Amino acid sequence: MIIQIAKDISKKDKDQLIEKLNHIQYKGNEVHTQFGNYMIAVGKKEFDIRAVGTLPGVIDIHRVSDNYKLVSKKWKVNDTVIDLGDGVTIGADDIALMAGPCSIESEEQIESTILHLKEIGIKIMRGGVYKPRSSPYSFRGLGMDGLRLWHEAAKRHSIKIITEVMMVEQIDEMLPYVDIFQVGARNSQNFNLLDALGKIDKPILLKRGISGTIEELLQGAEYIFSNGNEKIMLCERGIRSYETAYRNTFDINSIAILKEKSHLPVIADPSHGVGIRQYVEPVALASILAGADGVIAEVHTVPEKAFSDGQQTLDYGQSKNLFNKLRMTWELKKEMDRM
Ligand code: PEP
Ligand code: MN
């Protein structure tokens, strides 16, 4: 049960609400976010919802029986729109597009990528400075030096930065340079990290775990929200399956299901989702038709020379082509939604 409470609820009214919840054997958890105050009440007993809904200081009350609550569409019917400033929004009327290399490699690569993104009208650049790699001997990122370099160039060109944070300890240092924090597949259920990201006021893109279920992804998002941060995007990036013809199985089903179950924007990552360059485009286009709010894709000047994930990375020509087609697909989807 989600009880929306007034920001200025008096102590007396709050005590009365808690007492009422105790009486019906519900445990209340208070949540304060950038946008509202809530009491998340968990219990089993059937009761008349009006007995709580009419208490002073209560704005609204919703029964949500799922394990995840605040990220559910059952109480918030309108889709969440995330405002990054400077006219860049996610989850609104326009398709959200993000592109860039798997890893930030050098100043030249940053400049070249930014020029490409500007040419094709993309305002959010992706890139890893802390890289989770299967082998400890692979390139693991330029760290804070790379991020500072990148931020300096991005700011000059009014480009937003999305990058992965791997540890709680990295958050504070990264904070001034990052517009969206990415939580990678390997950290999708790192609950300490999710708790900490819930306490900051920066958008989070939460990727689905390599073997994570849709419900686990939503519960991960609930960790962030219940700590106070409502600015969350869900990201389908493929899951591990028995299939060996490609890197991961992009779960197109999850896009439609997440859009139905949650009010949060859903972003598709076809690069990791399929893991082979030539299939990135068809998977990306399909994700828009399935209802994704946007796409994040890996692009590089010379993909064959990329420090990581070159095999799934598009060159600039392929990237231009893909994003053109994505915009066309977006218009087609909107037209179909109106039918
Ligand atoms: C990435 O975005 O480069 C990345 C490592 O993603 P994932 O966590 O989905 O593997
Ligand atoms: Mn990658």
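In this predicted model, a polar side-chain atom of Lys207 lies 2.9 Å from an oxygen atom of ligand 1. Lys207 is also listed among the closest of the 13 residues that surround the ligand, and strand β11, which covers residues 204-207, pairs with the buried strand β10 described below.

**Surroundings of ligand 1**

- Besides Lys207, the closest of the surrounding residues are Arg126, Lys131, Ala185 and Arg237.
- The side chain of Arg237 places an N or O atom 2.6 Å from an oxygen atom of ligand 1, while for His272 a polar side-chain atom lies 3.1 Å from an oxygen atom of this ligand.
- Ligand 1 would expose 300 Å² if taken alone, and the protein buries 98% of that area.
- By character, the shell around ligand 1 consists of seven charged, three polar and three nonpolar residues.

**Strand β10 and its two faces**

- In a regular strand, side chains alternate between the two faces of the sheet.
- Strand β10 spans residues 180-183 and is covered on both faces, with Ile180 and Gln182 buried on one side and Phe181 and Val183 buried on the other.

**Strand pairing and connection**

- Strand β9 (residues 160-164) runs parallel to β10 and is joined to it by three bridges, and within this pairing Thr163 stands opposite Phe181.
- Three bridges likewise join β10 to the parallel strand β11, where Leu205 is the bridge partner of Gln182.
- Between β10 and β11 the chain passes through helix α6 (residues 191-197), forming a β-α-β crossover that is right-handed.

Methods
Residues are numbered from 1 along each chain as its sequence is written. Chains are lettered from A and ligands numbered from 1 in the order in which they are written. This is a predicted model: local features need pLDDT of at least 70, side-chain atom pairs count only at pLDDT 80 or more; totals for chains, interfaces and linings use all residues. Side-chain values use heavy atoms; hydrogens and water are left out. Buried means under 20% relative accessible area, exposed over 50%, partly exposed in between (1.4 Å probe, protein chains only). Helices (H or I, at least four residues) and strands (E, at least two) are DSSP runs, numbered from the N terminus. Two strands pair if DSSP finds at least two bridges between them. A crossover is right-handed if, with the strands pointing away from the viewer, the path from the first strand over the helix to the second runs clockwise. A residue is near a molecule or strand if one of its heavy atoms lies within 4 Å of it. A polar contact is a pair of N or O atoms within 3.5 Å; within protein, one must be able to donate a hydrogen and the other to accept it, and residues adjacent in sequence count only if both atoms are side-chain atoms. Accessible areas come from the Shrake-Rupley method with a 1.4 Å probe; for residues, only the protein chains shown count as cover. Ala, Val, Leu, Ile, Met, Phe, Trp, Tyr, Cys and Pro count as nonpolar, Asp, Glu, Lys and Arg as charged, and the others, Gly among them, as polar.
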